[in-house]
Amino acid sequence: LIVGCGTSTLSENLYASGFHNIVNVDIDAKQIELMRSVHADKPSMSWIVADLCDARSALPTDGSFDVAIDKGTLDALLCTDQAS
C-alpha cells in the first residue's frame, strides 16, 4: 500500500524490483487517472482515489496489506539535511 502516491516513480521502481501486487492511493483523482494510464501494462498494480481520513470505504479491511508506505512522510525524511 502506497499512501499519497501522487505521480511518484516509487511504485514503478518497486514493480521493477519484483513487487507486483501494489495498491496506490491518493486523494487527487487526476493524478490517479494519469498514473493508471501510464501503468496500464501492469495489471497487478491498482490505483485508488481515496481520502485516507475515510479509508475504510475505499480500501480492504481484511488485513491484506503487508506494508504501508506513507510517500509524503518518506519524502520529508529523505529530503532533510540530516538524511543519510
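## Around H39

Setting aside neighbours within four places in sequence, H39 is in contact with E12, M45 and W47. The model is a predicted one. H39 belongs to the loop that runs between α2 (29-38) and β3 (45-49). Among its contacts is E12; these two residues are 27 places apart in sequence, and their C-alpha atoms are 8.1 Å apart in space.

H39 has a relative accessible area of 3%. Buried means under 20%, so H39 counts as buried.

## N24 in strand β2

N24 sits in strand β2, which covers residues 22-26. Its relative accessible area is 0%, so N24 is buried as well.

Which residues is N24 in contact with, leaving aside its neighbours within four places in sequence? They are I2, C5, S11, I32, M45, S46, W47 and I48. Two of these names, M45 and W47, also appear among the contacts of H39.

## Q31 in helix α2

Q31 is part of helix α2. With a relative accessible area of 26%, Q31 is partly exposed. The class of partly exposed lies between under 20% and over 50%, and the value for Q31 is therefore in that range.

Apart from neighbours within four places in sequence, Q31 is in contact with G6, T7 and D26. A separation was also computed for Q31 and C79: they are 48 residues apart in sequence, and 22 Å apart in space from C-alpha to C-alpha.

## S8 before helix α1

S8 lies in the loop between β1 (2-3) and α1 (10-16). Is S8 buried or exposed? Its relative accessibility is 19%, so S8 counts as buried, the cut-off being under 20%.

Leaving out neighbours within four places in sequence, the contacts of S8 are M35 and K71. Along the chain, S8 and K71 are 63 residues apart, while 8.5 Å separates their C-alpha atoms.

## Rings and a charge

A pair of aromatic rings is described by how far apart the centres are and by the angle between the planes. In this model the count of aromatic pairs comes to 0.

A charge over a ring is a separate matter. K42 lies over the face of Y15, and its distance from the ring centre is 5.7 Å.

## The largest pocket

The volume of the largest pocket is about 390 Å³. How many residues line the largest pocket? The lining has 14 residues, and those that lie nearest the centre are L1, N21, I22, D66 and V67.

Sorted by class, the lining of this pocket holds 10 nonpolar residues, 3 polar residues and 1 charged residue. Asp counts as charged, and D66 is one of the residues nearest the pocket centre.

Methods. Residues numbered from 1 in each chain as written. Predicted model: local features only at pLDDT ≥ 70, side-chain atom pairs only at ≥ 80, totals over all residues. Heavy atoms only, no water. 1 Å grid on protein atoms, 1.4 Å probe; cavity = no way out; pocket = protein on both sides within 12 Å on 5 of 7 lines; lining within 4 Å. Points joined across faces, edges and corners; volume = space filled by probe spheres on them. Phe/Tyr/Trp six-rings, centres within 6.5 Å; stacked < 30°, edge-to-face > 60°. Lys NZ or Arg CZ within 6 Å of the ring centre and 35° of its normal. Helix = DSSP H or I, 4+ residues; strand = E, 2+ residues; numbered from the N terminus. Buried < 20%, exposed > 50% of the residue type's maximum accessible area, 1.4 Å probe, protein only. Contact = heavy atoms within 4.5 Å.
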